[in-house]
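Subject: A structure to look through

Dear colleague,

I am handing over a structure that I have been reading through, and I would be glad if you kept it open beside this message. My notes on what was found follow directly below it.

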Amino acid sequence: GAVAFTLPASATRGDMFRIAGVQGSWTLAQAANQQIKFGSSATTVGATGSLASNDAGDCIECVSTNTSASTIWRVISSVGNITVA
């Protein structure tokens, strides 16, 4: 089945995380004022924005780009086709 992840509530610039798809799909949700930048695309700011896998093997690696809070994250590597919402 699908696995739901949520961005960390706080982070320091340079903090990183990875989601490695193995079996089933996954989604990455955000909280208020958070956003994920993926190349030239970006999620909708706030709780309605998200990333989602399209295949069991889809993977992402993200880094926090803010100095005081984890409001902006950037995908620095990916495998597969990720849906940006």
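Let me begin with one residue, Val63, which lies in strand β7. Please keep in mind throughout that this is a predicted model. Val63 has a relative accessible area of 15%, and because buried means under 20%, this residue counts as buried. If we leave aside the neighbours within four places in sequence, Val63 is in contact with Gly14, Asp15, Met16, Ile72, Trp73, Arg74 and Ile76. One of these deserves a second look: Val63 and Trp73 are 10 residues apart in sequence, while their C-alpha atoms are 5.6 Å apart in space.

The strand around Val63 is a good place to go next. β7 is mostly covered, with 5 of its 6 residues buried, and it belongs to an open sheet of 5 strands, arranged in the order β2-β7-β8-β4-β5 with mixed pairing. At the edges of this sheet are β2, residues 16–20, and β5, residues 41–42, each of which pairs on one side only. As a reminder, strands of a sheet pair through backbone hydrogen bonds, either parallel or antiparallel.

How many bridges join β2 to β7? There are 5, and the two strands run antiparallel, with β7 covering residues 59–64. Along this pair, Phe17 stands opposite Cys62, and Ala20 stands opposite Cys59. Towards its other partner, β8, strand β7 pairs in the antiparallel sense as well, over 6 bridges, and there the bridge partner of Ile60 is Ser78 in β8.

The two cysteines just mentioned raise a question that you may already have in mind: how many disulfides does the structure hold? The number is 0, and Cys59 is accordingly in no disulfide, the nearest cysteine sulfur being that of Cys62, 12 Å away. In general, a disulfide is a covalent bond between the sulfur atoms of two cysteines. Why, then, is Cys62 not bonded to Cys59? The sulfur of Cys62 is 12 Å from that of Cys59, which is the closest cysteine sulfur, and this is too far for a bond because a disulfide needs the two sulfur atoms within 2.5 Å. Cys62 is also buried, with a relative accessible area of 0%.

There is a second open sheet, made of 4 strands in the order β1-β3-β6-β9, and its pairing is mixed too. Its edge strands are β1, residues 3–6, and β9, residues 82–84, each pairing on one side only, and the twist from one strand to the next averages 20°. Within this sheet, β3 and β6 (residues 50–53) pair in the antiparallel sense over 3 bridges, and Thr27 stands opposite Ala52 in β6.

Finally, please look at the largest nonpolar core, which has 14 residues, and in which Leu28, Leu51 and Ile60 touch the most other members. Strands β2, β3 (26–29), β4 (35–38), β7 and β8 (72–79) each supply at least two residues of this core. Which residues does Leu51 contact, leaving aside its neighbours within four places in sequence? They are Trp26, Thr27, Leu28, Ile36, Phe38, Thr43, Ile60, Val75, Ile82, Thr83 and Val84.

With best wishes

Definitions and conventions: Residues numbered from 1 in each chain as written. Predicted model: local features only at pLDDT ≥ 70, side-chain atom pairs only at ≥ 80, totals over all residues. Heavy atoms only, no water. Pairing = 2+ DSSP bridges. Core = buried A, V, L, I, M, F, W, Y, C linked by side-chain atoms within 4.5 Å. Buried < 20%, exposed > 50% of the residue type's maximum accessible area, 1.4 Å probe, protein only. Contact = heavy atoms within 4.5 Å. Axes fitted to C-alpha atoms, helices over the stretch in contact; angles between N-to-C directions.
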